[in-house]
Every structure is written in structure tokens, then in C-alpha cells.
Amino acid sequence: MTDRETPGRGRTPEARGIEPAAPEEFGLTQVWWGDGKGKTTATLGMAFRAAGHGYRVHVLQFMKGGADSVEDVRGEYNAIAAMPGVSYENLGHYGWHAMNDGTDERDHEAEAAAGFERARTLLEATVEADLSTPFDLDADPEAGVHMLVLDEILYAADRGLVEPESVLELIEDKPDNLELVLSGSHAQPEYLIEAADLVTNVRKEKHPIEAGQRARKGTEY
């Protein structure tokens, strides 16, 4: 076996301090969809991995609602606040569009529109920034980010709150070295298959909700 075939040349990885850095191979568009649990979990895990290398990451969440069993706090927000290099915004509110859960549909529509405009602003900022250089880990995301996660934007597109064509325009307009991550949707986003570089279907085989299990702190929120 050659050194090339041996990850780390056989060394055990060790944790190191996080210093601002710039990725050498970012620039893909990722799509995470499916009826299984774990789309946001997977994308946030990747965001933390990137931040662990000193890259600047921003997470923008659309319509991140929840059932009445979900408290008004999310573990990922607390973790992000403690992690250098990652920031987040939530431009949705508790409850889901078109679910008859007592929330105002007009609020969902207005917040999704505001979320898309914010996504456009952040993407335009990355066009102006030099993504080949490190960014301050606590800088405003408008100063530039190496990875932009648009969580649940595909659900917003499914429900007509964001135009699918507009989502495609985000991909077309992004700079070559921005890693763009889109998640959400139980339905396959056919309009993104050709434009995306990575498409992952998070498929459900079995889910405890089918047996009456409610959302649990630490796993679902």
C-alpha cells in the first residue's frame, strides 16, 4: 500500500486549534432532499466540519417550524453560537405552511420572501468577496463566506413560497468557489438535478413518528 492510499499516512487524526483559512476545493452545489429524517442534521454536520478547518460558514433557515411538542429553542443554535466560524439566521417561524396548525399563511409567505431576498444579498456579497482568502471567524456573513447553507429552501419552493426558477438563478449566479448547500423537500426537486453537483435522497425506511413518538430535545431540535 502506498502513502497515497493510506489516509494521513497511517497517523491518527488529532484535534487542532481553529484558525481562519480558505478552502482549496470548494465550489459545488449540493442538494439534500427526501422523506427521511436527517437532512438538516447532515448539512449542519458538514457546516461544523468546514468550520473546524477554519472556513467561514453561514446557515440561513427558511420556514423552520415545529409541532407543539417543540420548545422555542433549538440545540443547533446554541451549538453554533459557541462555535467559531459558523453563524445562522432563521427567517421562518414555528408552525408549517399549509398544515392548518394555527399559524398565519401570510406570515409564512412574507418570511419566505424575506428569506430569499436575504439569500440573494448574501450570495451577492460572496461575488464581491475574495473567497480564496480566509475570513475573520466572527465577521458579518456579508463580508464573505466559503459555504452557504440554505436550509429548507426546497420546502419553500415546493409550496410556491419561492419560485423554483429563482432557486436555479441562485445556483447560476454563485461564484465558482462558493459551496452552496440546499436542503428540504420530500419531493424530488427535478428542476435542480442537472444544475447540482451532488444530490442526496435521504430516504425513510422507518420513523418513530409512525408509532406516535413526538419530537425529542437533542435529536429533533
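From the N terminus on, the elements of this chain run β-α-β-α-β-α-β-α-α-β-β. That comes to five helices and six strands. Please keep in mind that the model is a predicted one.

## The chain as a whole

The chain has 221 residues, and 45% of them count as buried. How much area does the chain expose, and what share of it do carbon and sulfur atoms supply? The exposed area is about 12,100 Å², with carbon and sulfur atoms supplying 48% of it. Contacts also say something about how the sequence folds back on itself. Among contacts between residues at least 6 apart in sequence, 78% join residues at least 24 apart.

## Two buried strand residues

A good place to begin a closer look is Thr 29, which is found in strand E1, residues 29-33. Thr 29 counts as buried because its relative accessibility is 1%, under the 20% cut-off. Which residues does Thr 29 touch, not counting those up to four places away in sequence? They are Ile 171, Lys 174, Leu 180, Leu 182, Ala 196, Asp 197 and Leu 198.

Leu 150 belongs to strand E4, which covers residues 147-151. With a relative accessibility of 1%, Leu 150 counts as buried. Its contacts, leaving aside neighbours within four places in sequence, are Leu 60, Phe 62, Ala 119, Leu 170, Leu 180, Val 181, Leu 182 and Ser 183. Leu 180 and Leu 182 appear in this list, and they are also touched by Thr 29. There is a long-range pairing here too: Leu 150 and His 58 are 92 residues apart along the chain, and their C-alpha atoms are separated by 8.7 Å.

Another pair of this kind involves Ala 42, which lies in helix H1, residues 39-52. Ala 42 and Val 202 are 160 residues apart in sequence, while the C-alpha to C-alpha separation is 9.5 Å. Ala 42 counts as partly exposed, at 26% relative accessibility.

## Charged side chains

Side chains of opposite charge can pair when their charged atoms come close. How many salt bridges does a search of the whole structure find? The search finds four, and the table gives details for some of them.

| Side chains | N to O distance |
|---|---|
| Arg 118 and Glu 89 | 3.0 Å |
| Arg 118 and Glu 142 | 2.5 Å |
| Glu 205 and Arg 203 | 3.1 Å |

Take the salt bridge between Arg 118 and Glu 89. Arg 118 sits in helix H3 (residues 105-128) and Glu 89 in strand E3 (residues 86-90), so this pair ties together parts that are 29 residues apart in sequence. Both Arg 118 and Glu 89 are buried.

Arg 118 also meets Glu 142 in a salt bridge. Glu 142 is in the loop between H3 and E4, so its pairing with Arg 118 in helix H3 ties together parts that are 24 residues apart in sequence. Are these two partners buried or exposed? Arg 118 is buried, with a relative accessible area of 18%, whereas Glu 142 is partly exposed, with a relative accessible area of 40%. Salt bridges that share partners join Glu 89, Arg 118 and Glu 142 into one network.

The salt bridge between Glu 205 and Arg 203 has a different setting, since both of these residues are exposed.

Charge also gathers on the surface in another way. Glu 163, Glu 165, Glu 169 and Glu 172 form a patch of negative charge there. One of them, Glu 165, has its place in helix H5, residues 164-173.

## Two loop residues with positive phi

Finally, two residues are worth a look for their backbone angles. Glu 152 is not a glycine, yet has a positive phi of about 70 degrees. Glu 152 is placed in the loop between E4 and helix H4 (153-158), and is buried, with a relative accessible area of 5%.

Ser 185, also not a glycine, has a positive phi of about 80 degrees. Where is Ser 185 found? Ser 185 is in the loop between strand E5 (179-183) and strand E6 (198-201). At 0% relative accessibility, Ser 185 counts as buried.

Notes:
Residues numbered from 1 in each chain as written. Heavy atoms only, no water. Helix = DSSP H or I, 4+ residues; strand = E, 2+ residues; numbered from the N terminus. Buried < 20%, exposed > 50% of the residue type's maximum accessible area, 1.4 Å probe, protein only. Contact = heavy atoms within 4.5 Å. Areas by Shrake-Rupley, 256 points an atom, 1.4 Å probe, with all protein chains shown as cover. Patch = residues over 30% accessible without salt bridge, like charges linked within 9 Å, V, L, I, M, F, W, Y side chains within 5 Å. Lys, Arg positive; Asp, Glu negative; His and termini not counted. Charge placed at Lys NZ, Arg CZ, Asp CG, Glu CD.
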